[in-house]
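Q: Could you take a close look at a single binding site here and walk me through what surrounds the bound molecule?

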Amino acid sequence: MSIVRALKCRECGQEYPIEPTHVCEFCFGPLEVVYDYDKLQGKLTRELIASRPQTMWRYKELLPVDGDPTVGAQNGFTPLVRARNLEKALGVSELYIKNDSVCYPTLSFKDRVVSVALSKAVEFGFTTVACASTGNLAGSVAANAAAAGLASYVFIPHDLEQGKILGAGIFGTKIIGIKGAYDDVNRLCSEVAGKYGWAFVNVNVRPFYAEGSKSLGYEMMEQLGWRAPKQVVVPMASGSLCTKIDKSIKEFVKLGLIEDAGTRMFGAQATGCSPISRSVKEQTDLIHPVKADTIAKSLAIGNPADGFYANRVIRDSGGWAEDVSDAEVVAAMKLLAETEGIFTETAGGVTLGVTKKLIAQGKLNRDESIVVCVTGNGLKTQEAVLEAITPPRIIEANLKDFDQLAAADGVA
Ligand SMILES: *Cc1c(COP(=O)(O)O)cnc(C)c1O
Ligand SMILES: [Zn+2]
């Protein structure tokens, strides 16, 4: 049973029926899905949720799809890893990695938003789906559309990593590379969405798409043993994920599923594209668009649609935001790999790099629980670390050669 009430303008509060639309006709504010939580009081229990299959759809009452999901029914429910080695390395007492680098089926958290957006698109009657992507979204739309028998078009900046292009193209989608940055892609897609009758997951069905991110937060709380962490560190591109994790926590508190822990939200960006973290650090709510220049391409949105709301969530929660250089991104990718055996993409390097920085600054409390959201897989951004690894030492296939090498290593 869906408890969706309406679409509501985040600025003026005007409500709209559930339709493929995303801006307010009166004030051009963004629309958000709102729910009748009263209908669920006492009905959605921990026991009921725990009895369901381990996918993001175990929280389906809180996702904006009327029937059962028709796309991505197996997506989500990624591991929450207690990172004991990383705790030692960073000098903190309780740290977890929410590991969406292994999200099903395309190895990023975008599989969450896409399965909601495409399931809703099917309910609306669309047969072609599309997106403007920084990389991971393209792969996820392509894969989930293929599995659901939907046609797809994905629009990306032309100079993305090989792994992101391959990771979309393999699914037989129509990929359009745009000569320009993500913000140019996005602008074009708004025009295409207005003209062609397609469901653009992050344009005309964006309010539904964005709700899918809440599932990461629900899982995190359930996996912590039905509690919210004191601190969460989230990578930010448009800023949407950050706002939706915050929303997921508030919903669980409202429904009596957890106690309010006064969770503080922390945002992470790359210095080469840091309009949101900059606004937080300057303690203003004005977001100045930038021209992105960073290896963290999946986060390279210079004019972030939800930047203002992410800023507000972070500051209202008592959290903070930071950004790190490309060198710090690579160092953090290596740190996570070497301590926890998790190979994340550049966005994960941003999040862990910022976590490290915020701990050093004392903004993250070392003695309180921290969840670090790792949102994408390192195999898709291999270019970033090619030169950071030790290449294999090549020897002949004989024991004598290996003995020499072992002696040099001091293990003989
Ligand atoms: C898209 C993306 C994000 C951030 O998404 P927003 O909700 O737009 O802030 C974070 N990490 C990865 C790997 C992504 O692909
Ligand atoms: Zn409005």
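A: Here's a walk through the site of ligand 1.

This is a predicted model, in which local features need pLDDT of at least 70, side-chain atom pairs count only at pLDDT 80 or more, and totals for chains, interfaces and linings use all residues. Residues are numbered from 1 along each chain as its sequence is written, ligands are numbered from 1 in the order in which they are written, and side-chain values use heavy atoms, with hydrogens and water left out.

Ligand 1 has 16 residues around it (a heavy atom within 4 Å counts), and the closest are Lys-110, Ala-237, Ser-238, Leu-241 and Thr-375. Sorted by class, that shell holds 7 nonpolar, 7 polar and 2 charged residues (Ala, Val, Leu, Ile, Met, Phe, Trp, Tyr, Cys and Pro are nonpolar, Asp, Glu, Lys and Arg charged, the others, Gly among them, polar).

Now for the polar contacts (N or O pairs within 3.5 Å). Backbone N or O atoms pair with ligand oxygens: Leu-241 at 2.8 Å, Gly-239 at 2.9 Å and Ser-240 at 3.5 Å. Taken alone, ligand 1 exposes 390 Å², and the protein buries 97% of that (Shrake-Rupley areas, 1.4 Å probe).

Methods:
A polar contact is a pair of N or O atoms within 3.5 Å; within protein, one must be able to donate a hydrogen and the other to accept it, and residues adjacent in sequence count only if both atoms are side-chain atoms.
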